[in-house]
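Colleague: Could you take one part of this model and go through its charged side-chain contacts closely? I would like a connected account rather than a list.

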Amino acid sequence: MRGIYTLILDLEHGIRIRVGSIGEILFHAGSYAYTGSARGPGGFRRINRHVAVMNGENTTRRWHIDYLLPYVTLRDVITTATDMDLECEAARRIGINCVPVPRFGCTDCRCTSHLHYSASYTEVLSACREAHRSLLRDL
């Protein structure tokens, strides 16, 4: 199955991390939403790769999110099965209610960010659910 996904992550303590070409970023304790595409041949198996990085089973740093994953806990995954390119629109909609981490996860597009933050897990979860729910309805 293919589509787009949003990982909802918790960071217990604030931390500074050097993230690829972006440089050092201060991540505050709280909840994060990372939106990605799973429209390639592996589809939603990309989520399994993220979990492997999180668990230390894969140490390759290929995407910006790979630098953050070892420090967070996975709370939820929201998926939308689609062949349409909706990753950027989902990230934009999540960013209406959550704070973007500038340039994170979006070096190949014009988005502000594909990673969003809130101190409130409930706020992140609600923003992500609404963004995914509304995507196909509104387009």
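Modeller: What follows is a look at one group of salt bridges and at the surroundings of the residues that form them. The model is a predicted one, and a search of the whole structure finds 10 salt bridges in it. I begin with Glu-89, whose side chain meets that of Arg-92 in a salt bridge with an N to O distance of 2.7 Å. Glu-89 also forms a salt bridge with Arg-93, where the closest N and O atoms are again 2.7 Å apart. The helix gives the setting for both contacts: Arg-92 and Glu-89 lie in helix H3, which covers residues 87–94, and are 3 residues apart, about one turn of the helix, while Glu-89 and Arg-93, both in helix H3 as well, are 4 residues apart, which is also about one turn.

The accessibility of these three residues deserves a careful reading. Arg-92 is partly exposed at 47% relative accessibility, and Glu-89 is partly exposed with a relative accessible area of 21%. Arg-93, by contrast, counts as buried because its relative accessibility of 13% falls under the 20% cut-off.

Turning to another pair, Asp-138 forms a salt bridge with Arg-137, and the closest N and O atoms there are 3.2 Å apart. Asp-138 is partly exposed at 45% relative accessibility, whereas Arg-137, with a relative accessible area of 53%, is exposed. Salt bridges that share partners join Glu-89, Arg-92, Arg-93, Glu-130, Arg-133, Arg-137 and Asp-138 into one network, and the contacts within helix H3 described above therefore belong to that network together with the Asp-138 and Arg-137 pair.

How values were computed:
Residues are numbered from 1 along each chain as its sequence is written. This is a predicted model: local features need pLDDT of at least 70, side-chain atom pairs count only at pLDDT 80 or more; totals for chains, interfaces and linings use all residues. Side-chain values use heavy atoms; hydrogens and water are left out. A salt bridge is a side-chain nitrogen of Lys or Arg within 4 Å of a carboxyl oxygen of Asp or Glu. Helices (H or I, at least four residues) and strands (E, at least two) are DSSP runs, numbered from the N terminus. Buried means under 20% relative accessible area, exposed over 50%, partly exposed in between (1.4 Å probe, protein chains only).
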